[in-house]
Structures are given as structure tokens and as C-alpha cells.
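Hi,

Here is the structure I promised to pass on. Have a look at it first, then read my notes underneath.

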Amino acid sequence: MKNLCILLCFTVLYFNSSAQDTGRKTENFNQNWLFHLGNVNNGQDINIDDANWRKLNLPHDWSIEGEFSKYNPATPEGGALPGGIAWYRKDFLIPNADKNKLVYIGFDGVYQKSDVWINGHHLGFRPNGYISFQYDLSPYLKFDGQKNTIAVKVDNASQPNSRWYSGSGIYRNVWLTTTNSVAINHWGTFVSTPKVNQQLAQVSLKVCVKQNGSVLQHVDLTSRIYNAEGKLIATKTTANVSIKDSLTTVSQNFDVVKPVLWSVDKPYLYKIITKVLNKQAVVDQYETRLGIRYFNFDADKGFSLNGKPMKILGVCDHHDLGSLGAAINYRALERQLQILKAMGCNAIRTSHNPPAPELLDLTDQLGFIVMDEAFDCWQKGKVKYDYHLYFNAWHKRDLEDQVLRDRNHPSVMMWSIGNEIPQQSDTSGFRIARELANIIHNLDTTRPITAANNNPDTRNQIIKSGAVDLVGYNYHHSDLPHFHDRYPGKKFIGTETTSALETRGIYDMPSDSIRRWPTKDAALMNADFTVSAYDNVSADWGSTHEETWKVIKKYDFLSGMFIWTGFDYLGEPTPYRWPARSSYFGIVDLAGFPKDVYYMYQSEWTKTPVLHIFPHWNS
């Protein structure tokens, strides 16, 4: 018992010392919030009576708790669930030891139009429901055992504002980060690999150091690269860095000998630990993920990863998790990706918005190529209250924040600046596409840019602008063999394909006739809101699974495809008939059970022997 006590005491001292040495503390801030559905006058007031508010932990989606109704303002297209306005509040203490430090609150995503206050002081407004953001709490905090009150107003009342189910509330994780006055900035590192081969990888790291103050300081910056087994393989120290301005960027370069390359089959990850030292004392420590890989899109040969030709075998997915709603759930998301991986899928398109950070962590770890998409519309909207109302004022900030947050993920290999933008045939599309591309290029030149075009002919102003490195086609599968006739020398990506419709376990004969929706809607949907699973039903703008895959498979220059969709999702019921509440597009249904076509892809996309028997076949 005495030895155990000594061991425990040393363990506590070790961890306290370790935490103190790093200079940075990041805490999950999801616990013990108060919630009120409905508007509250001056809900940010620290003295408001919130005793009867509901107690809950985040992440939280209040819409999924409501009743489905075709009369809800979101409409069935938006999920037929209620929106509204709600408030979240939380009281917390800050230890006196942090009096001279900086304390930030970070939100991974709030849907939507969030206002945040600390102790009655307004910190900011963000209209985009998918973007991550952070606020500095430091000037307004109380110490000496006094409580601090954070208040968040979420306004999802103006609907419809989405063409799919969005959810409502603080539906992603919240973090509290404490740093010293000199620290690495939020999303403050950028790692790239300008030269990679089997023998050597050149690694470039840019570190942005932030100072709260104007006194000239001198710090040392040391970065160490560790392999997946925890072995130190490279070190770089930049000594006597002058820190006077609020932001100072330091560049460091490394050589990694005989690197293990990240791939979809072996997603090998390194990490970089960067320390900021002031007079030998560690004032900050920051971790950056590193995946060493190189890839290329060729106009004739298609896509290659680490010098090996391969097809991008991808799916599009919305962010909801079926009956769990939009609240992020790590295990549920991991399960979805594991199901898709077993099918042979190797790529994800984040349709049509920045994803939860956990998705990109998982795609790094599991081996998926990611098309990271920013917007579903620009200045012209698709529904009355969508992002077009905020595009002019917010697109630059939102896109910059997306790129800064996501650019260190090795799985991210494409940026998409928009999906089926209404301005494809408008000269403003030419101008905005170039502006968005320039915003990305100012922060990252290592990845190509695309846009998902549903009108990909030569009148398309986004393509004409030259802003996109990859010409993205949504559908038009019969045009794909002639892509180079239309765009000689250009590179292709199937940004969205297929749109076939199936219900798991439903078999309507004849199975050998293809039917298109919506021209024969009555013939497609049964009285019980089911659709045949024989892969013989598709939207009139799309195709069956076999129709498009046969084309993509045949031509090397067609670098790959993103099928609409991997999973069924809430909202956008197609074929439409209330009370249908979800799409029929998924290869996998809302509960995570594969439909029959899953096994067609598994037989084509993997080396696994596949035997899947239908209840009927004809001669």
C-alpha cells in the first residue's frame, strides 16, 4: 500500500509538471450547459433567472428532438423538423493561476447565426452554421472564485435555409484553450512536403507565433518529427526569434529519410511537436499532424497517389447521422466510414460545406481522399434564407478559416469552391471563382481547386475563369467519354455522379427496365413509400450505378467519381411524397445497413470475393 501511494503521488506530480511545461491547456467544454428553446430577452444577462432551463451536455441538436411535419418551415426538403431560436448558457470558474494567461473558447460548429457573450460582453456573430471559430475571453474574465457566464444565442428561425436537414444548435464540440501571452496562433502551423520520393521527403513547416503585447521578446522555436511508433526522426531549432509584432511567422525545413508514405491502403501518420521556449522555459507546445504523400492529376492518365495510378472511388455525404440528427458523434461517424471502406470506397466529398473536424481526423487515420467543399451557393441563393444572404460579407472569412483549419490533413487533396452554383452561366461566376481561388492560393498552393458543375458545357463561366484546376462534372455521364473534345488538355473529376434510388429489401419486377424520376414518379414509388432495389431507378439528371461506373471505369482520363450518396440522409426525399422524410440515394440506408448495390461496388472496388444473392433473377 505504501509503494502504491508513492507511485500515485509521483504520477500526479508527473502529469501536473507535464501540463505546466507545455504552456498550453485545451479542455473539452461540452459538459453542464443550460438550454432554453425559444427566444429570451437579454438571455446574455449574467443575472437572468435560468434555474428552470434544461441541463444538458453538448453536442446538441434540438431539431431532431422535435416532431416531423410537412408544415414545419424547413419543409420536407429541409428535413420537416422544427427550427426556431434557442439559448445556451454555462457558468464556470477560471483558476487564479491563469490570471496572466489568454483564455479562448472555440466552437467547431453552431447551426446557425450564433451570437456569443461572456459576462454580458458580446464576442461576435457568425452566420455560417458549418464553420469553426474561436473567441478570446481574456479581457472579460473574473477570478478569485467568481463565476463566469458564457451565453450563446442560436437563430435557426428563418427557414427554409437549407436543401437538406441541417439540425439546430451547438451541434459540434466546444473547447476551452489557455495559453501564455506568447504562443502559437490558432490553426497556426502549416506543414507541406514540397519534394517526396521513396528515399527522401522534404518537409516544410511554417509556424505563426502570436504575442499579446508589443514588448520585444526573443524566443527559440524547436520542432521535432516523430514517426507513428513514437521515434524521434528529425529536429529543427530556430534560435533567437524576435517577437514584437502581434504575429510572426517562422519557417523550418526538415529531411525525412526513407519516409513511410501515407496512402489509402496504409494511412501512416507522423506528428510534429513544436515548442516555444523563452530563456529555456517552455511557454507553448503545439502538435501538427503530418502525412507524407504526393499525388497528381493528369489530363490523360487520371489520378495517381505516390506515383501509382488509381481511381478515386468516392461518395458524397451530408453531415447528419440519420436518427441521431446532426450532433457530432465520433463512433457513429467512424462506423459510417468503416462501412464505406469495406465497400472499397476510398474518397469522401464533404457535401456541401466544411465538415466536423472529427471527419478529417478519421479520414486521415482510415485512409480516405477528401474533397473539402466550402459553399452550396454564392450571391444567388437556392432557398429563401440560405447563405447567399451572407456571402458578400462573410465568404472571405469563412473560406480562410476553413483552409487554415483543414490544410494540414493529408487526406484533403482537393478544395471545392462550390456546388451547382446558380452563377455558372453568369459573368459574376467568372469573377467570384477567381476571387475564391485567390483566397485559397494565399493560404495553400499544394492542392488543386475544383467546383461541382451541373452545367459543365463551354458556356460555364466558372470553368472559363481558369480558377479551377480540375473540371468538375455533376452527372452528364453520357458526355464523359467526350470530355476532351469539349475541354482539350484539361483534367477531370466526377464531383457528383449517379443519383440512383433504392430501398433496401424491395424488389419490383421487371428488374431489367430502367426508369427515371421525376417523369414517371407514380411508377417509381410504391404505396408504402418504397422504391425497387434492383438498380433500375434513377433521377432523370443522373443514372443508375452501373451506367456511370461502366463509363468511369473504362477511361483512364476520368480520374474518379463521387457518388450521390454514400448514406441516405434526412431531408430532400426523392422521389418526393410526404411523409417520406429522407433521400433514397444512399448506397447504405439511414441505419447503416447496405443496400444490394453496395455489393456490386464491393465486387468491383475490392479484391474481396463477393457472393450476394438476390431473391430473384431472370434468364
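Below is what I found in it, going from the barrel to the salt bridges and then to a loop and a helix pair.

Bear in mind that this is a predicted model.

Let's start with the barrel. Eight strands close up in the order 21-22-23-24-25-26-27-30, and their pairing is parallel. Ignoring direction, neighbouring strands in this sheet are turned against each other by 25 degrees on average. If you want a place to zoom in, try strands 23 and 24: strand 24 covers residues 412–419, runs parallel to strand 23 and is joined to it by four bridges. One residue to pick out there is Glu373, whose bridge partner in strand 24 is Ser416.

Two helices are worth a look around strand 24. Helix 4 (residues 391–406) lies across strand 23 and strand 24, at about 165 degrees to strand 24. Helix 5 (residues 427–441) packs on the sheet too, where it touches strand 24 and strand 25 (449–453), and its direction makes about 150 degrees with that of strand 24. Both angles are over 145 degrees, so each helix counts as roughly antiparallel to strand 24.

Now the salt bridges. How many does a search of the whole structure find? The count is 28. I went through three of them by hand.

Glu373 turns up again here: its side chain meets that of Arg349 in a salt bridge, at 3.0 Å from N to O. Glu373 sits in strand 23 (residues 369–373) and Arg349 in strand 22 (residues 347–350), so this pair ties together parts that lie 24 residues apart in sequence. Are these two residues buried or exposed? Both Glu373 and Arg349 are buried. Elsewhere, Arg126, Arg397, Asp398 and Asp401 are joined into one network by salt bridges that share partners.

Next comes Asp155 with Lys113, a salt bridge at 3.7 Å from N to O. This pair links distant parts of the chain, 42 residues apart: Asp155 is in strand 9 (residues 148–156), while Lys113 is in the loop between strand 5 (102–107) and strand 6 (114–118). Asp155 has a relative accessible area of 18% and Lys113 one of 10%; the cut-off for buried is under 20%, so both residues fall in that class.

The pair Glu65 and Arg54 gives you another setting. Their closest N and O atoms are 2.9 Å apart, making a salt bridge. Arg54 belongs to strand 3 and Glu65 to the loop between strand 3 (54–56) and strand 4 (84–92), with their positions 11 residues apart in the count. Glu65 is partly exposed at 43% relative accessible area, and Arg54 is partly exposed as well, at 40%.

On to a loop. Gln198 is found between strand 11 (182–196) and strand 12 (200–211), and it is partly exposed, with 48% relative accessibility. What is Gln198 in contact with, once neighbours within four places in sequence are left aside? The residues are Lys258, Pro259 and Leu261. As for Val260, its C-alpha is 8.0 Å from that of Gln198, although the two are 62 residues apart in sequence.

Finally, the helix pair. Helix 9 (residues 545–554) and helix 10 (residues 597–605) pack at about 15 degrees, their axes 11 Å apart, and are therefore roughly parallel. Their crossing is right-handed. On the helix 9 side you'll see His545, Glu546, Trp549 and Lys553, which meet Val597, Met600, Tyr601, Glu604 and Trp605 of helix 10.

Cheers

Note on methods: Residues are numbered from 1 along each chain as its sequence is written. This is a predicted model: local features need pLDDT of at least 70, side-chain atom pairs count only at pLDDT 80 or more; totals for chains, interfaces and linings use all residues. Side-chain values use heavy atoms; hydrogens and water are left out. A salt bridge is a side-chain nitrogen of Lys or Arg within 4 Å of a carboxyl oxygen of Asp or Glu. Buried means under 20% relative accessible area, exposed over 50%, partly exposed in between (1.4 Å probe, protein chains only). Contact means heavy atoms within 4.5 Å. Two strands pair if DSSP finds at least two bridges between them. Axes are lines fitted to C-alpha atoms, for helices over the stretch in contact, and angles run from 0 to 180 degrees between N-to-C directions. Angles under 35 degrees count as roughly parallel, over 145 as roughly antiparallel, 65 to 115 as roughly perpendicular and the rest as oblique. A crossing is left-handed if the near helix is turned anticlockwise from the far one by less than a right angle, and right-handed if clockwise.
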